[in-house]
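Hello,

I am handing this structure over to you and hope you enjoy looking through it. Please open it below, and then read on for what was found at two of its interfaces.

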Amino acid sequence: MEIVAFLCNWCSYAGADLAGTSRFKYPANIKVIRVPCSSRVNPTFILKALANGADGVMVSGCHPGDCHYTTGNYFTRRRLLLMKRLLEFTGVNPDRVHLYWISASEGTKFAEAVKEVVEKVGKLEKNPMSSIEGEIRYEKK
Amino acid sequence: MKKIGVFVCWCGLNISRTVDIERVIKEVSRHPQVVVSTDYKYLCSEPGQNLIQKYVEENELGGLVVAACSPNMHELTFRSVAQRCGINPYLCEMTNIREQCSWVHDDREEATHKAIDLIIMTVEKVLRSDPLYSSTVPLTKKALVIGAGISGMESALDIANAGYEVSLVDKRPYIGGHMTQLSETFPTLDCAQCILTPKTAEVARHPNIKILPYSEVVEIKGYVGNFEAKIKRKATYVDWDKCTGCGICVEKCPQKTYSEFERGLKERKSIDIPFPQAVPFKVTIDKESCIYLKKNKCGVCAKICPAEAVDFQQQDTIIEEKFGAIVVATGFELLEGDDLAEYGYGKYKDILDGMQFERLNSSSGPTSGKILRPSDGKEPKELVFIQCAGSRDREKGVPYCSRICCMYTAKHARLYKQKVPDGQAYIFYMDIRAGGKGYEEFIYRSVDEGNILYLRGQVSKVFEEDGKLMVWGMDTLSSKKIEIAADMVVLANAMIPSQGSKLLASILKVGTDEHGFFQEAHPKLRPIESLTRGVFLAGCSQSPKDITDTVAQGSAAASKVMAMFSNDTIKVEPVVSLVKKEDCSGCFACEIACPYGAIEHEEYKGRQVAFVNAALCQGCGSCTVACRAGVVDLMGFSNKQILAEVEALLWK
Amino acid sequence: MKYSYFPGCTLHEQSKSFNQSTLASSSALGIELEELKDWYCCGAVFPLRADDIMSLLSPVRTLIGAKKEGKDLVTLCAACYQVLKRTNYLILEDREKREKINNYLEEDYKGDVKVLHLLEVLRDNLGWLGLREKVSHPLSGLKVAPYYGCLLLRPAKEMTFDHPENPTIFEDFLKSLGCDVPDFPYKTECCGAYLGATAKDVVSQTVYNILHGAQKRKIGALIVSCPLCHYNLDFYQGELMKEKSELTPIPIFYFTQLLALALGLSTEVCHFEEHRIDPLPFLGVIK
Amino acid sequence: MKKNSLSPIIKELLKNGTVNYFLAYGKGSFWFKVRPLIIREPVELKNLEWNRFCYPNLTTYLKDSSRSQDKIGVVVKGCDVKSVVELIKGNQIDRENLFLLQVPCDGTVDPGKVENLVWISKLKVTGFEETGNGLEFITKEGRVSVNKEEVFFSKCYKCDFAPSPLVDRYLDEERLEKNQPSIDNPDLYEELRIIEEMNPEKRSIYWEKQFSRCIRCFACRNVCPVCYCPTCVFDQKDTSWISKGVKPEENNIFHLTRALHVATLCTGCGECERVCPMKLPLMELNLKLIKEVDELYHYKAGVDLQSISPLKEYGKDDYDEFK
C-alpha cells in the first residue's frame, strides 16, 4: 500500500520530525513530500497521485488560524473540501483523501494520524482511479 | 539531463540500524541518471563533506541528493557544501531517512524499501530543479513612524539614537498621544505628565527626528527598503515658523467649540493650543468651527497676532519621501455609541468614560483636579465604576478583554478616595485581571486600604431618578440584586482601534484582524512584524496594552528596523513565485490568494498580467494553486518538481 | 399597501380593543389588513428545548398559509410576533431543523415570508412624517410613555425590531401622534409575565415598580403592544390601588387605541369598557 | 421570437459607432443548427437568425477579444449574461467595450430531444414553424408537431432569469416578465440525485465508464466561456500534468481538474456537455460543485459583479470536517 503525504514545512513536517525524535512508531507505507504550505497542494497533485498508484493521500497543514503564512490553510480547507465532495460523487471513497491539522508540537498526533490513514485506506478495495499498477516507467540500469 | 550523486548517511547507527544501506545504494544506482551512489558514516562531518566534494569533482555531478536526517537539521550544511563544489545550492536536496524513516519504523525490510522510494523521489525532484540565486534590493535607511503616542515616540527615539533618520507623523497637532491626557499612571501612581514631558521634549529636539504633527499618511508605494510615502500636512492656518505660542489669539477668539482633549468636559476656542505642555507649542485653527473660515467674518486672531502668523489662505500640503521601514503605532480609541445604551452613556451628563475621569483628576484639567459632577459641579459622594463596559461581550460591543481597565479602575477609585475621603466607591467587575509586575499588589492595596467595595457582577441598567443615577446590577457572590443611587458613574469603555486604522491598513497593504487591529505576522513568534515585509507594529495598534507593554513593543519594533538598517541592502530569498507572463490570463486570482500583496500588475502585449514582487513574496505558494493554468509557479517547489515526486511512486 | 393579517387568539377573542382599533386605524391609513384564511395558534411561547419540533409546526403552518397568499404578514400581539419571527429565523438559519420540520409537513417551507409588526409598517411604509400628516386630532398635552416589555425586542439578533437596550420606535410613534413623551427608563423592565399564575406577589412588585416610576415622572398613561403586559399592568394596578394609597391611576393603552383617537375615529373601536383602569378621566384632558 | 426587430437595432448600433462589430446567430447548415455570425457591415445582416435553436452561448467568443480594443456587441439570452459577469470578474473583457443586446427567450429546444420524441431523423426534416405552444416540423411526408415544453434543454427548465443591470438594451421590454419558461420551483439538482443515491461501487463504475469514453478532444474546455486561460494547464509544454497521449487512466484527472477549475465560475450554461462528441455527462460534475458551493458558501456564479468567488476568499469560521 502506498500513501503519499503532503506536509507543510512549518507545522506538519516539523511535527513528523518530532514523531521521529520521540521514536513514535507508525507504518512505513507513507511517503512524504515536503511543501512550504498546505496551500501549495494543488488538488491535481492528489488526483495525479491516486492515478499513479497511490492508494491514499494525506495532506496536513498548520491548525486554522496558526498558518505560518497566516491564511494559506484557510484556502486549503475550501479547496480540499470541494475536491473531496467531488471525488465522493465520482465514486472514490472519501477515506482515500485525508486532510489534517497537525502542529510542530504534535508528534503523537502525526503518528496517530498516519496509523488512522493506513488503517482506513487498508479497508478499501483496490483504488478505482489507479490502473497503472505495476507499470514500470523508468528504464533501470 | 544532469548527473546526480546520491549520498546516504549512516548517522552512526541511527539510520544504519534499521535501513539496509548497502541495498539502498545498490537499488538507487540503477536509476539512469544516478552516476554516484555511495554512503558514509557521518556525512555532516568534515571528512563526510570532503567525500562529497571529491565525488562531485571526479564525476562532474550536476545535482546532489543527501539521504540523511531532516532538512530542518542540515539542509543549510549540505547546500553550502554544494556551493563550495560549484553546484547551485538549490540543486542539492535532502531525503529525510532518519526522523521520517529509520526512527519511526522497526521492520528493516519496510524501512529499506521506503528509504529507496524516498531517495528516488528526491532524485526525480532534483532532476527538475533549476539553479536559483538570491538577489538584493537597495535600502533607504530612513524610517517612518506613524503615530506619535508613547510607543511611536519610543520607537522613533531608539531608531534615531542608533543614528538613522526618522519621520514621526501624528494626526493630532501635538505629539504624546493619549498619555498626555492621563492624570496618574498605575501601578506606581506617577504623574503621567511628569514622566512623559521629558520624552516629548527629547523627541522634539532630536537631530535625527523630524516631527510631522497634524499630518496623515495618504499613500504608500513600493516595498521593503524602498517605500515611497505621501504625507499630507493638514493646514493649521497658522504659520508655525512665526507662531510663538503667546496665546493672545486664544484669549481673544470669540468662538467656542468641542474640546477633544478634554473629551467634552470643557469647551475650547476655535484657535487653540490643546494643553499647556503641548509639543510643538503652537496654535491651530479648527476649520470646522472658525467663523472666518466658514463665513468670512471675524478674523480677530489675524488682526491681533503680534507675529502675524495667522494665514487663512494656508492649504494642505503633500510631502513625498522615501523610507526603508515603517512602524505603525496608531493607538486606540474608546468604544462609544449604541453598544453602551444600557449604561445611559451619552444620555446623562454624570456618566463619564475612563478618559473623561482622567481629565477630572488631572490638575490641569477642567476642574483643576477636583472630582466634581459635570451637571451641577457638586462633589459626588457615591461613585460607581463599571468595568468591561462593552468589553468581553459576545453579543455586542467587543468580545475581547481590553486589558487595562481593571488596573485603571482601581487607580481611579483610589484617586477618588484620596480626594473625597468620605465618599464611597463601588466597582462592578467580571474578574480582576491584574497580570503585570506589581499589578496584583496594587489591586489588593486598593481593596484593603482604599475601602473600595468590589462587586462581582454586571450592571443591567443606569438611569436618572430623583436627581440620582440609579445603578441596577447584580452581585453574583451574594446572589443579590444591587441598586445604588449614585452621584456619578464611570465606565471603563472597551478599547478599539483608532479611527482610520482600516484605511491606513489598506494604504499600507497590511491586514487587520476581525476587530480592526493590525494583524501581526504570527501571533506568538512574530508579534512585531506585519504581513508586509518592512512594516512593523507597535502599541495598541496591534492589540490593547498598557503603557509598559506599549513602550516595550515600540522598542522591539525599533530593533527590527535597526537590524534591517544595519545592512546596506536587503537580501531576497529565491524561493518565490514567478509568473510566465505570456500564458497569464490576467484573472488575478493569485492576487487575492496572496497574503503579502506581492502580486502586482504589469503590462504585457497590451494587457494586464500578474507580476510577482520578489521582495514581498514569502514563498508560500498559495497563488500557484489559485492559478488554474499553473502559470504562477513557485521556484524550488515547482509544479514539475512536485509532479515528478508524485510520479516517482511508479518506481518499483 | 396590502398585508396578510394574523390576529392571534387574544386579539381574536379577548382584546377587541386591540383588534378593532387596529383594523379601523389601518384602514383609515390605507393599510389593508386581510386576515389569513387559515391560521393556527402561534404556540404562545417560542420553544427553547433543542428537540422541540412539534411546537414549531403550528407557526410554520401559519407561515405557509401566508406564503400562499403572497403578501407580507402583519401581526400585533408581541407574543405572536415573537414566535412567528423567531420561527422564520430558525427556518432560515438552521438547515437541520428546517429539514426536520419540513419532514412533518405536507409542503416545504423555506422561510421566505416576511413577518412584520404594524409599527414597522408605519415606520417603513408610511413614515413618521406621513403618519403625522394623517393625524387629525393631535394628542397634544397628553404625557404618554411607551412600555416595550421584553418580547418585541429580544433576542435582538433574531427580532431585529429595535435596539434592545434603548428602543425608540414607540417614542417616534407617540411623537407623531402629538403626545408629550418623557424619558421612561422602566420601559424595558419586566412586567412579571406569566408569573401571575404562580407568584402573584412578584407581579405585584414589578408592576408597582413600573407604575411608581411612571408616577414619579408625571406620566399620565402607558402604551403597550403585548396583551400580557396590558393584563399585568392594568389588572394588577387595580389590585394595587386597593392597598397603595400613594398610587394614582395610570391607564394602559394598546398603541392602536391612541392611534385611532388621533385619527379621529369613533371611540367605539377602542372598547374602553375592557379596561380595568378607566382611561376616560385621562382622556378628558383633550376632550 | 422575432428576428425582424433585431436587425434594425444592430444596424443602428453599427452605424452610430456604438460597436465595431456584432456577435450574433446566423443561419446554420441544418434546420436545427445556427452558427456564430460576426456582423461588421449591415449587408451581413441577411444571414442573421434568431429562433428556438439559438442555444449556443456566444459569450465564449469574447474570451479571445480580451486583447482587442474593439467595441463588441453581443446578442445574449438571459443565461448568457451570467457568463459575461464571470468574464468581467475575471478581467477578461472590459465592460466599456461591450454592448449587450438581450433577446427575450422562453426556452431553447434540444434537437436531440425532438428526434427522440417524434422518431424522425433530423435529416428528414426540412424546416419548422412555431405554433402557439408547439413546434411543427415539416418533412416530405407531412407535418409533425411537438409540445415545445417537452423538448427544451434541461437548463431552460431551471432558468432563473432576472433582469441584469449589465444589459444595455432589451429587445422587448414588455416581455421581460415572460422571459423564462413557466416552471414553478424547478428542481435545480435533479440530475444529481440519481447519482448521489447510487451506492459508491455503482457510482464508481458509472464514472469509470464515462471517463473511459473520453477522447480528449478538449471541446468541452474550448467551448466553455470561463475556461479563458491563454494556455490551459493541460497544454503547458514543460510540465506534464497529464500525459499528452490519450491514456484512459488519466482521463479522470482531466475531468475532475476541469470541473474544479470551473468551480465557482461555472454558470451552468451546459455548453460543455452539449458539444461533447462522446456525450459525457459533464454537467453532472459541474452541477455537483455548483450545489456544494451554494450549500457550503452560499455563492452562485454569474449573479453580480461584486461578490467574490469562495475559492478566492476564505472564512475563518468555515465549515471544517478535518481533524
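**Where chain A meets chain B**

The contact between the two chains draws on 48 residues from chain A and 56 residues from chain B. Please keep in mind as you read that this is a predicted model.

How much area is buried between chain A and chain B? The figure is about 4800 Å², and carbon and sulfur atoms give 55% of that area.

As for charged pairs, six salt bridges are found across the interface of chain A and chain B. One of them is easy to look up: the side chains of Lys48(A) and Glu647(B) meet with N to O at 3.1 Å. There are also 18 residue pairs in polar contact between chain A and chain B, with both residues at pLDDT 80 or more.

If you would like to trace the chain A side by its elements, those giving two or more residues to the side that touches chain B are β1 (3-8), α1 (12-21), β2 (30-35), α2 (43-51) and α3 (72-89) of chain A. Of these, α1(A) brings the largest share, seven residues. Sorted by class, this side of chain A has 24 nonpolar, nine polar and 15 charged residues.

**Where chain B meets chain D**

Chain B also touches chain D, in a contact that takes 21 residues from chain B and 22 residues from chain D. Together the two chains bury about 1800 Å², with 50% of it on carbon and sulfur atoms. Which three residues supply the most of the area that chain B buries against chain D? They are Ser585(B), Arg628(B) and Ala629(B), which supply 35% of it.

One salt bridge is found across the interface of chain B and chain D. Lys580(B) and Asp238(D) form a salt bridge, and their closest N and O atoms are 3.8 Å apart. The count of residue pairs in polar contact between chain B and chain D is eight, again with both residues at pLDDT 80 or more.

On the side of chain B that touches chain D, α17 (589-593) and α19 (639-647) of chain B are the elements that give two or more residues. Here α19(B) gives the most, with four residues. By class, that side of chain B divides into eight nonpolar, five polar and eight charged residues.

A good place to begin is the salt bridge of Lys48(A) with Glu647(B), followed by the one between Asp238(D) and Lys580(B).

Best wishes

Notes. Residues are numbered from 1 along each chain as its sequence is written. Chains are lettered from A and ligands numbered from 1 in the order in which they are written. This is a predicted model: local features need pLDDT of at least 70, side-chain atom pairs count only at pLDDT 80 or more; totals for chains, interfaces and linings use all residues. Side-chain values use heavy atoms; hydrogens and water are left out. Contact means heavy atoms within 4.5 Å. Buried area is the accessible area (1.4 Å probe) that two parts lose on being put together, summed over both. A salt bridge is a side-chain nitrogen of Lys or Arg within 4 Å of a carboxyl oxygen of Asp or Glu. A polar contact is a pair of N or O atoms within 3.5 Å; within protein, one must be able to donate a hydrogen and the other to accept it, and residues adjacent in sequence count only if both atoms are side-chain atoms. Ala, Val, Leu, Ile, Met, Phe, Trp, Tyr, Cys and Pro count as nonpolar, Asp, Glu, Lys and Arg as charged, and the others, Gly among them, as polar.
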